[in-house]
Amino acid sequence: MSEQIDGIGAGGVEAGRDAVVDRRGLLAAAGGLGLGLAASASGAGLGGGRAGVLGVAGSILSAQDLGFDEASGEYTLPALPYAYNALEPHIDEQTMRIHHDRHHAGYVNGLNKALAALKEIRLGSGDAGLIQHWSRQLSFHGGGHVNHTLFWRNMRPGEMTEPKGPLLRQMESDFGSYSQFLLHFKAASAAVEGSGWGWLVWEPVGSQLMVLQMQNQQQMLFTGVVPLLGVDVWEHAYYLKYQNRRMAYIEAFCRVIDWDEVARRFESAKGSA
Ligand code: MN3
């Protein structure tokens with residue numbers, strides 16, 4: 001298995017004010033792909049709606065969505081929004097249990113550990129020589145937590161859906177057609193080197209949809225983009241059922257995409273750009 005923990009810090013962590021990190025949590029206002037992580041001192045993002053430091057993605061996920069506990073300053077593992085077996089036969093129950101209860105939980109724990117270690121360094125009791133290590137851990141595990149929280153909500157049980165309305169029109173403008181988008185998205189996701197993700201994102205500067213590959217939980221980011229749709233292509237996401245057939249898993253994922261959720265993120269991101 002190629003799934004060793006090996007985060008190289010590329011997350012653009014912008015912990016502007018130390019007190020913010022303690023009180024609000026780095027991820028609470030973000031929802032971006034490792035971007036805009038610091039909430040404003042007024043508590044932006046708690047409950048959703050207001051933007052993070054980069055001014056985008058503020059309403060994609062709330063602090064509650066991310067399981068942020070303001071009292072302890074720690075993140076908790078949010079429950080799956082549906083039953084473990086709800087996506088059968090496309091995504092199997094055992095994979096969902098292990099993926100959510102073990103892998104996602106591991107990212108939450110790793111994120112809390114990194115936040116605690118960085119706090120100790122700020123307080124003078126930690127080893128400042130390890131700042132790069134913990135920054136990498138923060139980027140990797142924080143990315144993992146956000147990515148998976150987005151990912152569970154990108155899927156839903158029931159009838160297969162397709163994009164429509166403004167999202168479909170944007171897709172036709174930027175990719176030519178829905179089927180051309182699918183071709184690009186599936187090929188990019190299947191071709192991720194090693195462990196990573198395929199993403200459909202909103203790129204607010206150019207005002208366009210883009211498909212990106214991500215390595216691990218955070219590498220190859222395009223700064224400032226807003227995540228709309230992500231497929232986890234780490235082996236732990238599919239190997240039990242699909243073994244080495246990553247494309248078969250991606251095809252199955254495409255059958256359970258919640259396009260209404262993607263449209264909500266798109267309209268929120270475009271509206272706040
Ligand atoms: Mn995963």
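**A small-volume cavity and a manganese site**

The second largest cavity has a volume of about 30 Å³. The model here is a predicted one, and searching the whole structure turns up two cavities of 30 Å³ or more. As for how such voids show up at all, rolling a probe the size of a water molecule over the atoms shows where empty space is left.

Who sits around the second largest cavity? Its lining is made up of Ile91, Thr95, Met96, His99, Phe151, Trp152, Ala237 and Tyr249. Two elements, helix H2 (93-123) and helix H3, each put two or more residues into that lining. H2 is the top contributor, with three residues. Sorted by class, the lining comes out as six nonpolar and two polar residues, with no charged ones.

One of those lining residues, His99, also turns up at the metal, where its NE2 atom is a donor of the manganese ion. The other protein donors are His148 through NE2, Asp232 through OD and His236 through NE2, and the set lies 1.9 to 2.2 Å from the ion. Written along the chain, the donor spacing reads H-x48-H-x83-D-x3-H. Within this set, histidine 148 and histidine 236 tie together distant parts of the chain, being 88 residues apart. Histidine 148 belongs to helix H3 (residues 131-153), while histidine 236 falls in the loop between strand S5 (226-232) and helix H6 (239-242).

Are these two histidines buried or exposed? Histidine 148 has a relative accessibility of 0%, so it counts as buried. Histidine 236 has a relative accessible area of 11%, and because buried means under 20%, it is buried too.

Stepping back to the whole fold, the protein chain has eight helices and five strands. Going along the sequence, these follow the pattern α-β-β-α-α-α-α-β-β-β-α-α-α. Long-range contacts get a good share of the count: taking contacts between residues at least 6 apart in sequence, 67% join residues at least 24 apart. The histidine pair at the manganese ion, with its 88-residue separation, links distant parts of the chain as well.

On the burial side, 53% of the 273 residues in the protein chain are buried. The accessible surface of the chain adds up to about 11500 Å², and carbon and sulfur atoms account for 50% of that.

Note on methods: Residues are numbered from 1 along each chain as its sequence is written. This is a predicted model: local features need pLDDT of at least 70, side-chain atom pairs count only at pLDDT 80 or more; totals for chains, interfaces and linings use all residues. Side-chain values use heavy atoms; hydrogens and water are left out. Donors are N, O and S atoms within 2.8 Å of the metal (3.2 Å for Na, K and Ca); water is not among the atoms, so sites may look incomplete. Helices (H or I, at least four residues) and strands (E, at least two) are DSSP runs, numbered from the N terminus. Buried means under 20% relative accessible area, exposed over 50%, partly exposed in between (1.4 Å probe, protein chains only). Contact means heavy atoms within 4.5 Å. Accessible areas come from the Shrake-Rupley method with a 1.4 Å probe; for residues, only the protein chains shown count as cover. On a 1 Å grid over the protein atoms alone, a cavity is a set of points where a 1.4 Å probe fits but cannot get out, and a pocket is an open set with protein on both sides within 12 Å along at least five of seven lines; lining residues have an atom within 4 Å of a point. Grid points are joined across faces, edges and corners, and a volume is the space filled by probe spheres set on the points. Ala, Val, Leu, Ile, Met, Phe, Trp, Tyr, Cys and Pro count as nonpolar, Asp, Glu, Lys and Arg as charged, and the others, Gly among them, as polar.
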